[in-house]
Each structure stands twice: as structure tokens, then as C-alpha cells.
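Me: Please take one part of the structure shown below and examine it closely, together with what surrounds it. A single connected account would be preferred.

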Amino acid sequence: MSTPGEVRTWTGRVREVAVAALPPERLLPDTQPVYVASWIYVFGVLTLAAFVVVLASGAVLALAGPGWWHVSSTGHFFNSLHLWSTELFFFFMVVHLWGKFFMAAWRGRRALTWITGAISFLVSIATAFTGYLSQQNFASQWIGGQAKDGLNASGVGAFFNVLNFGQMFMWHIVLLPLLVALLIVGHVLLVRRSGVVPPLPARLAGGDKR
Amino acid sequence: MTGPSILFQLGHTVLGAVVDLSGRPRYIHSGWFLISVANLAVIVAMIVLFALAIALPFPRGRRRP
Amino acid sequence: MSSKEYPLAPDPALEWTGAKRGYDLVKELVIALVAVALLTVLLAALFSSPDAKPVTIARWANAAPRDFVATALSELDGTSGIAGYGPPYAHVKGAGQNIIDGISLERAVGVHIPINPAKTFVLDPLSIPAQSNPPLAAALNAYRDASTAQQQAWTSAYTKGFDHATFAPRNIVLPAGRYGPVATLMANLLTQARSGGLDGALVSTSRFYQTDYTNPILFLADGSYFPALAEQQNLLGSQWGMMNETGNYPGQAWLWLYTFWYQIPPFSTSSNADAQIWAIMAILSLGLIGIPFIPGVRSIPRYLPLYRLIWRDYYRAAEHGKTPPTSKPVIAGQRE
């Protein structure tokens, strides 16, 4: 290993940047500021937990392919798990968003945390959308037939064909979950790096700080 | 479409549900506002949970590490 | 009163140096995972999930033959929805939605999924049964070899005659008229559809494996049978359909704002509604992402007292020195 101050390898430099941004005590702390004391704070981790259940139930559905749940009651049950965990995912995510908005959680150079969160929300909507298209039932037919108009009107439909099951399925099980996962990981690491945003100034403080 | 009414049915396959949600859809309709009972329940639940999350006291007194 | 542990106005850009307490991050995650997994299992067991059977061309042709043939005819004579749609399916003069006058992303991007409705939905599929059906093969050749004017004369005549058509088990009975080969084409297409052969024909290409359902779904959507099923379930655009699910299942409540615009003028009657609403939602989405930078919007949390409720314990301590009775804050830096 090179001596401190003389790191020249890419690996070494990545290590230094990573450890500087997220030393172990910051990455996995076992204390938190006293102001983190409200049930509203659990909705972030609930969203994350729901995402894990979505991925796990989706993985089981992937084991036997997209047609399985139409012909198997076990498959149908896992489809139900996948649907309800998705509903919970959005439920918790939006409550988490409301909470973070009313706490102005972007303060103190945390704008990127808000931005990654908002983009995660939008990409999650796209992920769920491609999921509905992948069901191979009446809903998929109808949703595809309707959604094509909005997408065609914006030019996107020429490249993103919602009636092409193969394409939509691959966006749903490969591209979009990967993107959502990367965004969530980035989002959580940003929270760990900057810490949970402190309260807005108290009444006796006078003068606002951004 | 002219002619006799079409007899059609959406064939739902629902296996083993305790509560069958595949029946005739129930909606609340007022002017141009139209929402399913199911979606309304979800939205109301979100608002209620949000309010409770903020209002309910958070347990104090954590064991020191 | 302010203290080092409970500052009145902590600088959010600086690392917190005030009071802390013990906390188990990993345990919280595990508890959340177990709780959400159990809740999901409960919901799945209670309510299951919807699976409304897809509509096949066969089902359409058997349940609503009049609508099927009328739609097929509109594909043949170029009066169908898809025939007049424009990009990405075909260059059609004047077609394509505008965001504002003259500006159309749809037209700018152009044709990438070329579809000739007459060939795709009628003539090409019929070439399969024509291999073993000489009268059908002759009718196909006659139609293809005719001039456009002659084709239009036949389809116009058929359209008028079709108003008085009746359906026999293997035939469409029409009043006398100069339909040319069109009567044969429509009758055979109906038979092919009813048997299930058209479902396969519309999906198949020159390749063996298929995953693209563009053709059969566009064909279904051009008819009235398919949308009527959707209307029964409140799935039409004018019924807030984007948010809804079949039956009584919750749908996509998060799409409420997107579908809202379709319900109100001017969008509810605009032929450019899709393009306009897409533009609006794109702007609002950028707005959501950029809230930290939007003056006014980013100040809303300060003016609403909600944050006072969320952090009420903290403010009680900072403003009045009343720390929570049983908590033992750990001062940053101190260890057990």
C-alpha cells in the first residue's frame, strides 16, 4: 500500500473519497440527533422495506415467467404480493414526501437529497406503469392502448412502444428497477452523508437561516 | 354503436380472496369528479396516517447504547 | 432557552453537535421489513389481485360481429382511427398533436412504427386462408390490382349495404350491391377472426418468436367493443380512467393530477389534449424536482405550523428548557 498522501492508484483514490464522505460511523451510526423523534420519520424506511418486498415478490414471479400467475394459484398469490407491496411502496413514499416537504428537508445543502427522492418517485411511476403493461391481461391491453396516445403525442412513443410486450417487460424487470435501486441507494447515502435535517429555527431565534 | 346491447363480461380470475374485489365497480360521482371507492379509501388512509404520524407522541426514553 | 444541546436555530449546513441519543438503524430496517412483509401477505390473502381476461380478436368477432366488420372495413378504406392517426404509424397530412400551434414533437420525430392499415389488418392476414381458398385468393388479387378509385367505390358501396346486413353462421347477408371483392374479403376475415386465426396472423411476422402485440391491440382499439368493456369499468380517459383499476381494486392514485387535466376544459374537448397535458406534466414534474430552488414554494413549510408539531419536543426543550423526562441525550463525542 502507498503511504498516506501519496495515493496514486484509482482504487486508492476512490477509497479515500468514499471514506472521507462516509466514514463508518457516519454510514452506520448508532446515535441520532434528539430531534429525530416523530413517527413521520419511519416512512422513509417503510418505503425502502416495501421496495424490498416488491423486488422479492417480483423475483419469484420471474422464476416461472410472465404467464405463470394466470395458471397457478401460487403464482397468483405472488402476483398479489407484488401488487400490494407496490401499493404500499407508493403509499409510504408519498407520506414520506409530504413529511419531507413540510420539514423543508432540502435545507443545508440537501437539495440533492430532495432531487434524488423526487426523481425516484417519477421513475417509480414509470416502473409501475411498465409493470401494469406486463400483466398480459385486459388491463395491459387497455392501458397500452390509452397510454400510447400521450407518449406518441410527445414523440416518445416512436421509441418506447407500450404495445410491444417484450420491450415493456424488459424495461420493467431490468432497466427501471435498476435505475430505481441506484436512485434509492444514492438517496440514502446522501442522507447518511449530510445527516437528518435539523428543525427550522425556533420562535425565539429570530431571523431565518436557509 | 347501434343494434342490440352487447352482452359482455370481464372475466376476472380471483383465487382464494377473502374479500372479492372483482365485482361491479363502486364509484363516487359528482359533476366531473369521479373517484373509485377503493382509491378514495387509499387516499383517505394516507392523509389519516400522515396526520397520526405527526400528532401521535413518539416514545421517549431510549436505552443508551 | 437555547443551549449547546438544544440550539434554537441550528445551521442545517453544519454537522449536528447538539444532543443525541442511542438508536439502532439496522434493527429499525429489519423491523420495517418484517412489518411490511406481513402487511403485504395480509393484503394479498384478503384481497388477491385483479386478472381480467384479455380480449382476443376471436372473442370480439364472436361477441360483436357487426362492430368487428365495421372496424375492418374502416381499416380497409382508410377511415379508421389508426388510418388517420399520423406518426409514429404513418405520414398523414395534418395529423399529429400540437403542444401549441404548429409545434408538434410527434411530427418532428416522425414515423418509426410503420403501419398500412389495409394491408396490416385485412389484406395480409387474408393471404393465409387464401392459400387454400381460390375464390378468396381471386378476390384478394382483384382488390390489390384495382385502382384506388375503384377500391373506394367498392368500399363505399359496402359501407352503405352493411347498414342492412344480417349475420348468418358462415356468411354476412347483404342487400344487392356492387361490392366487388370486398364482400368476400369481409366475410372471410370475419370467419378467420371467429376461428382464432386472426389473433395469430396479426402477431406473426417473418420471424419465429414474437413479443410485439402492436397490431392486434391497435385493431381492437379501433373498434367499439373493446372501449365499451373499458367504459363499464370506468377506465376511459374521460372517466379519470388513468387512476382506475378493474373491479373494486385500488388503482394508481398517484396519477390523479395527470388524469385530472383530461376532465376539464379546454383539454376535455381538445384534439391536442395529449400533447398539451404531457407538456404541463413535464413542467410540473420539473417543478417538483426543483422545489428547493423555487422561491415561494420552498418557503411554504416555514409559513405552515406543521413543522412545529413534528418537532414539538425539540422546541419545548430549546425554547423552555423542558427536556423530555426519560430520555438521556448523549452529548456528541461522549461514549459509554
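Reply: The following account treats the contact between chains A and C, and then the parts that adjoin it.

This is a predicted model, in which local features require pLDDT of at least 70 and side-chain atom pairs count only at pLDDT 80 or more, while totals for chains, interfaces and linings use all residues. Residues are numbered from 1 along each chain as its sequence is written, and chains are lettered from A and ligands numbered from 1 in the order in which they are written.

Between the two chains, 81 residues of chain A are in contact with 84 residues of chain C (two residues are in contact if their C-beta atoms, placed from the backbone, lie within 7 Å). On the chain A side, at least two residues each are supplied by β1 (31–33), α3, α5, α6 (111–133), α7 and α8 (165–194); helices (H or I, at least four residues) and strands (E, at least two) are DSSP runs numbered from the N terminus. The most is given by α5(A), with 14 residues. By residue type, the side of chain A that touches chain C comprises 49 nonpolar, 24 polar and eight charged residues (Ala, Val, Leu, Ile, Met, Phe, Trp, Tyr, Cys and Pro count as nonpolar, Asp, Glu, Lys and Arg as charged, and the others, Gly among them, as polar).

Within helix α5 of chain A lies A:Trp84. A:Trp84 is buried, with 29 other C-beta atoms within 10 Å; a residue is buried if 20 or more other C-beta atoms lie within 10 Å of its own, exposed if 12 or fewer, and partly exposed in between, with C-beta atoms placed from the backbone. Apart from neighbours within four places in sequence, A:Trp84 is in contact with C:Thr40, C:Leu43 and C:Ala44. From A:Trp84 to A:Val174 the separation is 90 residues in sequence and 20 Å in space, C-alpha to C-alpha.

Helix α5 also has a part inside chain A. The domain assignment, automatic or taken from a database, divides chain A into domain 1 (36–103) and domain 2 (121–196). The C-alpha centres of these two domains of chain A lie 15 Å apart, and eleven residues of domain 1 are in contact with ten residues of domain 2. On the domain 1 side, α3 (42–64) and α5 of chain A each supply at least two residues, and the largest share, five residues, comes from α3(A). That side of domain 1 is made up of eight nonpolar, three polar and no charged residues.

A further neighbour of chain A is chain B. Here 14 residues of chain A are in contact with twelve residues of chain B. Helix α5 (residues 73–102) of chain A gives the most to this side, with six residues, and the side divides into nine nonpolar, four polar and one charged. Chain B itself follows the pattern β-β-α along its sequence, and buried residues make up 17% of its 65 residues.

On the chain C side, helix α11 (residues 225–232) of chain C has C:Tyr225, C:Phe226, C:Leu229 and C:Ala230 as its buried residues. These cover an arc of only 145° around the axis, which puts them on the same side of α11(C); the arc is that of the directions from the helix axis to the C-beta atoms. They pack against α7 (138–153) of chain A together with α2 (57–63), α3 (65–76) and α10 (214–222) of chain C. After α11(C) comes C:Asn234, whose phi is positive, near 55°.

Two nonpolar cores complete the picture (a nonpolar core is a set of buried Ala, Val, Leu, Ile, Met, Phe, Trp, Tyr and Cys residues joined through C-beta atoms within 7 Å). The largest has 66 residues, among which C:Trp60, C:Ala72 and C:Met186 touch the most other members. Helix α8 (residues 182–195) of chain C gives the most to this core, with eight residues. Not counting residues up to four places away in sequence, C:Met186 touches C:Val69, C:Ala72, C:Leu73 and C:Ile172. A second, separate core of 60 residues draws on chains A and C, and includes A:Leu81, A:Met103, A:Phe121 and C:Met242.

As a whole, chain C has 16 helices and four strands. Its radius of gyration, taken over C-alpha atoms, is 31 Å, well over the 20 Å that the globule rule gives for 336 residues, so chain C is more spread out than a compact globule; the rule is 2.2 Å times the number of residues to the power 0.38. Taken along the principal axes, the C-alpha atoms of chain C fill a box of roughly 95 × 50 × 35 Å. Of its 336 residues, 40% count as buried.
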